[in-house]
Amino acid sequence: MTDAAIPRFTGDASPYAGGDPYADHRTADFPFTHLVDLADRRLGAGVIAANDEFFAERENLLKPGPAVFDPEHFGHKGKIMDGWETRRRRGVSAAEPHPTPDDHDWALVRLGAPGVIRGIVLDTAHFRGNYPQAVSVEGASLPGSPAPEDLLAPDVKWTTLVPRTPVGGHAANGFAVDAEQRFTHLRINQHPDGGIARLRVYGQVAPDPAWLTALGTFDLAALENGGQVEDASDRFYSPATNTIQPGRSRKMDDGWETRRRRDRGNDWIRYRLAAQSEIRAVEIDTAYLKGNSAGWAALSVRDGEDGDWSEALPRTRLQPDTNHRFVLDGPVRATHVRIDIFPDGGISRLRLYGSLTDEGATELAAHHRELGG
């Protein structure tokens with residue numbers, strides 16, 4: 001993946017002329033958006049500080065879904081925008097009315113799950129003439145739950161992930177990242193001021209092996225524990241990654257649902273666990289999927305990239321809007337898991353409870369050290 005292959009947007013967008021505000025929004029198919037959003041609020045991400053948020057609150061950066069535009073929505077400070085917007089910067093005097101080249105606004109973001117970042121999108125949707133001239137992004141890795149003042153301390157090492165780069169208004173500005181490190185926090189800079197509607201940070205979760213070892217038994221498939229979706233037969237209505245998000249589903253599109261099949265096949269998801277593990281219990285939840293839940297499900301596992309698939313849970317009848325629990329006959333060793341649903345439909349969550357093997361724990365700890373953890 002090369003950054004040169006990613007489209008670049010610069011300059012103002014046209015003033016809003018009515019109708020669909022997204023009709024002239026500039027965007028592209030970025031090569032990393034199939035990965036987990038490490039800044040997802042569902043994983044525990046947050047915008048913990050900003051130097052300025054005069055026109056619009058910093059927390060808007062991580063709101064799910066696209067930014068909303070209401071041309072009639074004004075408040076005491078002016079136009080209310082669905083994003084993070086700072087006031088206009090000024091120089092130090094009438095003789096020097098313009099900000100200096102180094103003046104900029106910033107926000108500190110705690111990732112919901114620490115990980116390796118592969119791509120970042122800073123979307124300036126609806127900021128047509130009030131977007132930043134340029135942006136930059138830095139990453140840091142700190143243990144525990146540091147306060148903003150800890151992150152701003154002079155001894156904190158910040159790594160440049162996106163150098164200062166011009167961006168466009170009313171556009172999804174995407175950047176590939178190639179730093180093979182584990183990051184816990186980001187600093188988003190806009191030069192010199194302006195507004196950003198949404199932040200998305202795509203990558204791979206890199207869990208803390210000491211934490212997983214201390215837990216002993218945990219959900220081996222969960223995003224926050226390093227599980228990931230490798231592939232799926234169908235993502236028509238909702239992404240397969242929803243099945244390993246935290247918590248129970250709260251509505252139908254918070255799970256995975258496929259289109260209606262008109263052939264004799266079936267749908268499936270293939271997962272990769274953080275490292276070699278032993279699975280002892282399984283939950284398959286069809287919450288909020290009532291007339292469209294999967295009819296049956298089966299679970300297969302393999303150990304290693306070239307291992308053979310073997311059955312861990314035979315084809316079993318599923319009920320709509322129900323959490324199904326299965327205790328396996330004995331521990332099942334695996335690095336990959338596949339769930340097949342028959343013939344189509346959906347599930348909301350898959351939970352695989354167990355623990356790392358000694359080999360898996362050693363491998364995960366070594367990888368953690370390689371990433372600077």
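**Close-up views of a predicted model**

**Figure 1. His-191 is a buried residue, with a relative accessible area of 7%.** Like every view in this set, this one shows a predicted model. His-191 counts as buried because its value of 7% is under the 20% cut-off. His-191 belongs to strand β10, which covers residues 183–191. The side chain of His-191 makes a polar contact of 2.9 Å with the side chain of Ser-136. Once neighbours within four places in sequence are set aside, the residues in contact with His-191 are Asp-103, His-104, Pro-132, Gln-133, Ala-134, Val-135, Ser-136 and Arg-164. Ser-136 therefore appears in this view both as a contact of His-191 and as its partner in a polar contact of 2.9 Å, a distance within the 3.5 Å limit.

**Figure 2. Two peptide bonds that lead into proline are cis.** Most peptide bonds are trans. The bond from His-191 to Pro-192 is cis, and its omega is near -10 degrees. His-191 is in strand β10, while Pro-192 is in the loop between β10 and β11, the latter being residues 195–196. The second example is the bond from Phe-342 to Pro-343, also cis, with omega near -15 degrees. Pro-343 sits in the loop between β19 and β20, and β20 covers residues 346–347.

**Figure 3. His-126 and Tyr-288 each have a positive phi.** Most residues other than glycine have a negative phi. For His-126, phi is near 75 degrees. This residue is part of the loop between β6 and β7, where β7 is residues 134–140. Is His-126 buried or exposed? His-126 is buried, because its relative accessibility of 5% is under 20%. For Tyr-288, phi is near 70 degrees. Tyr-288 is part of the loop between β16 and β17. Its relative accessible area is 39%, so it falls between the limits of 20% and 50% and counts as partly exposed.

**Figure 4. Strand β19 pairs with β16 and with β17.** Strand β19 covers residues 323–342 and strand β16 covers residues 267–285. The two run antiparallel and are paired over 14 bridges. Within this part of the view, Arg-272 is found opposite His-336 of β19. Strand β17, residues 296–302, is also antiparallel to β19, and here the pairing extends over seven bridges. Ser-300 is found opposite Arg-338 of β19.

**Figure 5. The largest pocket has a volume of about 1,000 Å³.** Its lining is made up of 42 residues, and those closest to the centre of the pocket are Thr-33, Leu-35, Asp-37, Arg-42 and Tyr-202. Four elements give two or more residues each to this lining: β1 (36–37), β6 (105–123), β12 (198–205) and β14 (228–232). Which of the elements gives the most to the lining? Strand β12 does, with six residues. Sorted by class, the lining holds 20 nonpolar, 12 polar and 10 charged residues.

**Figure 6. The largest cavity has a volume of about 40 Å³.** Rolling a probe the size of a water molecule over the atoms shows where empty space is left. How many cavities of 30 Å³ or more does a search of the whole structure find? The search finds one. The residues that line the largest cavity are Pro-7, Arg-8, Phe-9, Pro-166, Val-167, Asn-173, Gly-174 and Phe-175. Strand β9, residues 172–176, gives the most to this lining, with three residues. By class, five of the lining residues are nonpolar, two are polar and one is charged.

**Figure 7. Leu-371 lies in the segment after α3.** Helix α3 covers residues 358–370. Leu-371 has a relative accessible area of 6%, which is under 20%, so it counts as buried. With neighbours within four places in sequence left out, Leu-371 is in contact with Val-116, Glu-180, Gln-181, Arg-182 and Ala-206. Asp-102 is included for scale. Leu-371 and Asp-102 are separated by 269 residues in sequence, and their C-alpha atoms are 31 Å apart in space.

Technical notes:
Residues numbered from 1 in each chain as written. Predicted model: local features only at pLDDT ≥ 70, side-chain atom pairs only at ≥ 80, totals over all residues. Heavy atoms only, no water. Buried < 20%, exposed > 50% of the residue type's maximum accessible area, 1.4 Å probe, protein only. Polar contact = N/O pair within 3.5 Å; in protein donor to acceptor, adjacent residues only side chain to side chain. Contact = heavy atoms within 4.5 Å. Pairing = 2+ DSSP bridges. 1 Å grid on protein atoms, 1.4 Å probe; cavity = no way out; pocket = protein on both sides within 12 Å on 5 of 7 lines; lining within 4 Å. Points joined across faces, edges and corners; volume = space filled by probe spheres on them. Nonpolar A, V, L, I, M, F, W, Y, C, P; charged D, E, K, R; others polar.
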